[in-house]
There are 2 protein chains.
Amino acid sequence: MKTAVAVMLGVEYPILAFSHCRDVVAAVTNAGGFGVLGAVAHTPQQLEIDLTWIDEHVGGKPYGVDLLLPQKYEGAEEGGLDREALRHLLPAEQQAFVDDIMVRYGVPELDDEQRRAISRMGGMNVSPKGYEPLLAVAFEHPIRLIASALGPPPAALIERAHADDVLVAALAGTREHALRHKEIGVDIVVAQGTEGGGHTGEVATMVLVPEVVDAVAPIPVLAAGGIGNGRQVAAAMALGAQGVWCGSVWLTTEEAETLPVIKEKYLAARSKDTVRSRSITGKPARMLKTSWTEEWERTDGPGPLGMPLQPLLVSEAQVRINRSASTPGSGAQELATYFVGQVVGQMNTTRRAGQVVLDMVNEYADVVVRFAEEAETA
Amino acid sequence: MKTAVAVMLGVEYPILAFSHCRDVVAAVTNAGGFGVLGAVAHTPQQLEIDLTWIDEHVGGKPYGVDLLLPQKYEGAEEGGLDREALRHLLPAEQQAFVDDIMVRYGVPELDDEQRRAISRMGGMNVSPKGYEPLLAVAFEHPIRLIASALGPPPAALIERAHADDVLVAALAGTREHALRHKEIGVDIVVAQGTEGGGHTGEVATMVLVPEVVDAVAPIPVLAAGGIGNGRQVAAAMALGAQGVWCGSVWLTTEEAETLPVIKEKYLAARSKDTVRSRSITGKPARMLKTSWTEEWERTDGPGPLGMPLQPLLVSEAQVRINRSASTPGSGAQELATYFVGQVVGQMNTTRRAGQVVLDMVNEYADVVVRFAEEAETA
């Protein structure tokens, strides 16, 4: 597994772990992989706290930060894009639909204090106004990588990163996206198949990875989507990837701060229990199929808005659902969902994140040995 | 590649080629792979002719036959299920919708002779009345394999096949389907990911193959969906498959009887240009995204029927479209579609079918050597 990417990143295993949870990031980095903190919903203050904590726990080993840096978003022409300005763009029909869901499923309202707590949360910082302060914090820490999970990162960011000896990675769901990333000068392309959790395209990893590898060569490619065990890591390497980018598999680890009710759903779910839905972020993202995703697919419903309006529309509803979802048999429990890929079907036990890395490495080694034996007898 | 499946099938390479075209079947078998003739739309007479031709061209090398053997279908209670009886079940709304598409796209009508020719065609022989005569023909030839592309094959068929030293394979799109196949006693499970052409489920090959391998062990598994080159074959083997089942990649070979206008569309298409659509068979099947599939996805349209009503509804329209699709700029050209998987994005040249097998084997060997070198340096 000592690929060019492993050397670039300075790790033993080119296994990258995307997680919103600093404990997972540190655990994977400490196990010889590379943790990447998903920081899109952080406030700058929270990010400062988390990165300081990571620095104190990884002893100089490398890690990264992931943000959503789309070049286009609704309301961009309004300049400010602060949440209050955006709120005026929300159509009444969709607002009424969300309210109606809350009523029909009997989801309790928030009290004033909880509502104030939400307003202090980071939300989705997908505008320059949102992510610039986060970048400022990140660059003050010894990060080794900045990843952009949506669209090609702005050229100025790449320059700034390279000046600071920070690598830039960008996710791609199509060959065309990958070519745009190459053109703009990213260091690593993450080819993410449709089976992945969160924002995904429609092309599967098995098809996407080789075509992206061929398209962006000699830029190294990480495979994402459908990677949760060592056989899948080996398959990714067979396809020409130099490493893997995993997100879902950490969500059921001991360190993950996954909501207990969601964690239980993950542990019970089959691979066919996910769906690509625009119902949370406004862009197609794979998540658990629940009554929430079904409501937004109703042909007699208004359907979801785009990004960043949809997250603004549903963020309070999501908090309401999650706060009450632990009540057995409640409508909130039924609605509760979160991002996860099709590997959810193989996430049936809770392990420590470092153990997940070691299990992947060992199973990968088994496959390598199997192929080596075949080479000998051939 | 000398896996247990290769030994069972008596082939050099466990590369199975599904094709409706006897030339492809024979070419793949002669190249050391294993050709499987898709015979669901054959008449018994056509099947007799094709299997005799194959026997004359493969010199005793092994091949198989693929049928659709669903255990459930609409109209089953009507017993007969002949096409005229079924035709009375077609709703007027959908019939009017098809007529409207033909008018709006200016697709010429058939003359009486052409219409008579269609009525002599096999159609979709998915009822016992339809497939029993085909099985009778198949068992008169030295077939090595019967494959069922939809649902677990009837128990009686498995007994009959085994008595005749014929292996039975069945396609599965979920772990649950695969377990049903195991229970009923199939010899080989084909785990087909969503990226495959034709009838597919929603779970991607990268996720489906390892979970099916683990679920049905020790029954061997072939990987299908997204397999069109040797890196993908190696990835399938890394996931635990003992071989691969490919359908799309043969459609642009020199031997394939693919309609020229469709072949051109395949050669030009990108991996993201396919869609799972119920518009041809009534069950979700992956095909080229064209105006035809978009018409059936319209929210103001009636949507497709089930199987076997939808194929009955659209078969004449499909013939009309294909007969006129070679006219550049015509509505028929715009509508024309056919089954294909996401590997269509890598099908950019026309090769001989035997060459495709050899290219796969060589590229597979490259990956094996790459892994073997890694094992040495580790």
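A nonpolar core is a set of buried Ala, Val, Leu, Ile, Met, Phe, Trp, Tyr and Cys residues joined through side-chain atoms within 4.5 Å, where buried means under 20% relative accessible area, with a 1.4 Å probe and protein chains only. This is a predicted model, in which local features need pLDDT of at least 70 and side-chain atom pairs count only at pLDDT 80 or more, while totals for chains, interfaces and linings use all residues. Residues are numbered from 1 along each chain, chains are lettered from A in the order in which they are written, and side-chain values use heavy atoms, leaving out hydrogens and water.

The largest such core holds 222 residues, and the members that touch the most others are A:Trp250, A:Trp292, B:Trp250 and B:Trp292. Beyond its neighbours within four places in sequence, A:Trp250 is in contact (heavy atoms within 4.5 Å) with residues including A:Ile15, A:Phe18, A:Ala256 and A:Val357. Another core, of 18 residues, lies apart from the largest one and has A:Phe34, A:Val36, A:Ala169 and A:Trp245 among its members.

In chain A, eight strands (DSSP runs of E, at least two residues, numbered from the N terminus) close into a barrel in the order 1-2-3-4-5-6-8-9, with parallel pairing, where a pair requires at least two DSSP bridges. Strand 2 (residues 34-38) of chain A, for instance, is joined to strand 3 (residues 63-67) of chain A by four bridges, and A:Leu37 stands opposite A:Val65 in strand 3 of chain A.

Chain A can be laid on chain B, by least squares on C-alpha atoms of residues with pLDDT of at least 70 in both, with an RMSD of 0.0 Å, by a turn of 180 degrees and a shift of 0.0 Å along the axis. That is the relation of a two-fold axis, and the same surface serves both copies, since 100% of the contact residues of chain A recur in chain B.

Definitions and conventions. Buried means under 20% relative accessible area, exposed over 50%, partly exposed in between (1.4 Å probe, protein chains only).
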